[in-house]
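Reader: I'd like to go through this one with you and ask how each label was earned. Can you show me the structure?

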Amino acid sequence: MASEKSDGSWISTRLALEALDYAIPRTANRWTYMLGGLTAFFIVILIVTGLYLAQFYNPNPLGAYDSVLYIITRAPFGDWIRSLHYWAAGAATLTVTAHIIHVFWRRSYKKPREVTWWAGVGMAGLLFLFIVTGAALRNDQEGFEALAHFVAGGEMTGALGAFFTEGFTRSTTLLSRIYSLHTNLLPLGLLALLGLHFWLIRHLGIHAAYSGETSVFRKHAVRLTGVGLVAFSVIGLIAVLFPTGLGYPAVAGFEVTKPHWPVLWVYGLENLLGAWGMVLGPTALFAFLAAVPLLDRSSDDTPGRHGWVGWLGLALGLVVLALWLYGVFGPRQQHIGM
Amino acid sequence: MLGRTVSAGFLLVLVGPTALAIAHGAVLESPPHGAVLKSTQSAVAAGGILTVNGSDFDEGTYALRLIGALVEFDLRQVTPNEEGTFALELEIPRAVRAGQYKLTAVASDGHAAASLDLTILEGSVTNEPEAGRDLADEPEAGHGATSGEMARAEDLPIERSRGGAEWGLIGLLIGLAGGLGVSMIRRA
């Protein structure tokens, strides 16, 4: 009993948290190896804040905009929690991007961790979909244009995109289905992939720079939780200082807004290619990421020695960055002929 | 340490939102019971006529109000007969913006006696000023775009007024999370 008190382990004993005392490379406690865990922490923030927002949001096109305004002006803590949701999504985008770059650089996708990589790429793709569907839910001018992009993209891609067209069903609205996607289907997919990702990391380990020194996972988890709480604190403060806004009510037939910053590289590509940019850009990026373990076949797994795959990855990364800058500073253009 | 963190996590994730929901529910009016408002129409155009029947009302005079998320319209007063029933035709003002509303019978003491969900469809375009009381104290709040307006890319100016208690709780949460986080990083 005394030992239980000394390490605060009443709960540890009941929840068998000792199972977390397994050895991991000491390098796992470096900041660069915490990016994935930090992203998971942001996902927890997104789920909790999303559940709260869902209590006040109305997915009916007739009531959606007013319900968002209600959340901002009248729901208790609504403005802050919505801003927290917004900033956590941005933070998750940054950490997941940095995590992918780090894992790619270290070539951690090589045998036997191909599936771990694919689960991660799948989660990054889902995060991208979370952002574009979330923007549509605002149902302001930007949200309306996002919804129109879904329809245009759905019509361009035929059967593949049928879900995003108004003709998919007469029984409910597209906004309602986007809401269902954002709050049901995407979270289910994300949690499934997250579970798979963690399972594989637990059993296959990470591809870390291993100096022979070990630590235990429980210490890593405590440190990671600490980092996550500090990150929550910082985002919470940002949400207070820079609350996210809402555009004016939508006017159909106009395309005047730019999308949320994580999607601006797609906007830049649309400026160059037209509406097909929104289909081709993300497809090319995620197809490349998914193909990386298949393309990099050398038996050597030294970080940075990818050969041509590395150069291709670097070129693609620079193109995305250039498109993003073009999206930020380039002109506003009509892409879908609303 | 991890055990305590798990406990704190449970508190934050489960108890926090639950407490907020209960607190929010506590400041709401009691849900309507007993009296019933009915209509054969679930939707009506702004400027159109809605047929409404009331039953099981207590004695007294009730205000029929159209309540949206952000605006509220006083439509008319009604006094049920001795059997607690009434039937009437309500004209929905043309200025009511399309959206989802609750038609609510409010007793003289302010409690909502009965309500029904109602969808208001877009009526003919009008220059008539909106007569509803704006609950958000926001000039644009609840005012949708009408045909002929230009789309705008910028954000709506919104008055974000928060009570001191709310700011205090948010600050406390941010401070606690930051403090606990730094402490955990140091210990680990």
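Reader: What makes up the secondary structure of chain B?

Author: Chain B comes to two helices and nine strands, and along the sequence the pattern reads α-β-β-β-β-β-β-β-β-β-α. Helices (H or I, at least four residues) and strands (E, at least two) are DSSP runs, numbered from the N terminus. Bear in mind that this is a predicted model, where local features need pLDDT of at least 70, side-chain atom pairs count only at pLDDT 80 or more, and totals for chains, interfaces and linings use all residues. Residues are numbered from 1 along each chain as its sequence is written, chains are lettered from A and ligands numbered from 1 in the order in which they are written, and side-chain values use heavy atoms, with hydrogens and water left out.

Reader: How much of chain B is buried, and how much area does chain B expose?

Author: Buried residues are 35% of the 188 in chain B. The cut-offs are under 20% relative accessible area for buried, over 50% for exposed, and partly exposed in between (1.4 Å probe, protein chains only). Chain B exposes about 10,600 Å², with carbon and sulfur atoms supplying 56% of it; such areas come from the Shrake-Rupley method with a 1.4 Å probe, and for residues only the protein chains shown count as cover.

Reader: Over to chain A. Why is Ser215(A) called buried?

Author: Its relative accessible area is 10%, and buried means under 20%, so Ser215(A) gets the label. You'll find Ser215(A) in strand S2 (residues 214-216) of chain A.

Reader: What does Ser215(A) touch?

Author: Skipping its neighbours within four places in sequence, Ser215(A) is in contact (heavy atoms within 4.5 Å) with Tyr22(A), Ala23(A), Ile24(A), Pro25(A), Arg26(A) and Asn29(A). The side chains of Ser215(A) and Asn29(A) are also joined by a polar contact of 3.5 Å. That term is for a pair of N or O atoms within 3.5 Å; within protein, one must be able to donate a hydrogen and the other to accept it, and residues adjacent in sequence count only if both atoms are side-chain atoms.

Reader: How many aromatic pairs are there over all chains?

Author: The count is 16. Rings of Phe, Tyr and Trp (its six-membered ring) pair if their centres lie within 6.5 Å; planes under 30 degrees apart count as stacked, over 60 as edge-to-face and the rest as tilted.

Reader: What makes Tyr22(A) and Phe217(A) a stacked pair?

Author: Their ring centres are 5.1 Å apart and their planes sit at 5°, so the pair is stacked. The pair links distant parts of the chain, 195 residues apart: Tyr22(A) is in the loop between helix H2 (10-14) and strand S1 (23-25), and Phe217(A) is in helix H9 (residues 217-241). Tyr22(A) is buried at 18%, while Phe217(A), at 23%, counts as partly exposed.

Reader: And why is the pair of Phe163(A) and Phe164(A) edge-to-face?

Author: The planes are at 90° and the centres 5.3 Å apart, so edge-to-face fits. Phe163(A) is partly exposed at 23%, whereas Phe164(A) is buried at 18%.

Reader: Which residues do ring pairs link into a cluster?

Author: Phe104(A), Tyr109(A), Trp117(A) and Phe288(A).

Reader: Last one: how do you know that Phe329(A) is exposed?

Author: Phe329(A) has 69% relative accessibility, and exposed starts over 50%, so the label holds. Phe329(A) is found in helix H12 (residues 308-329) of chain A.
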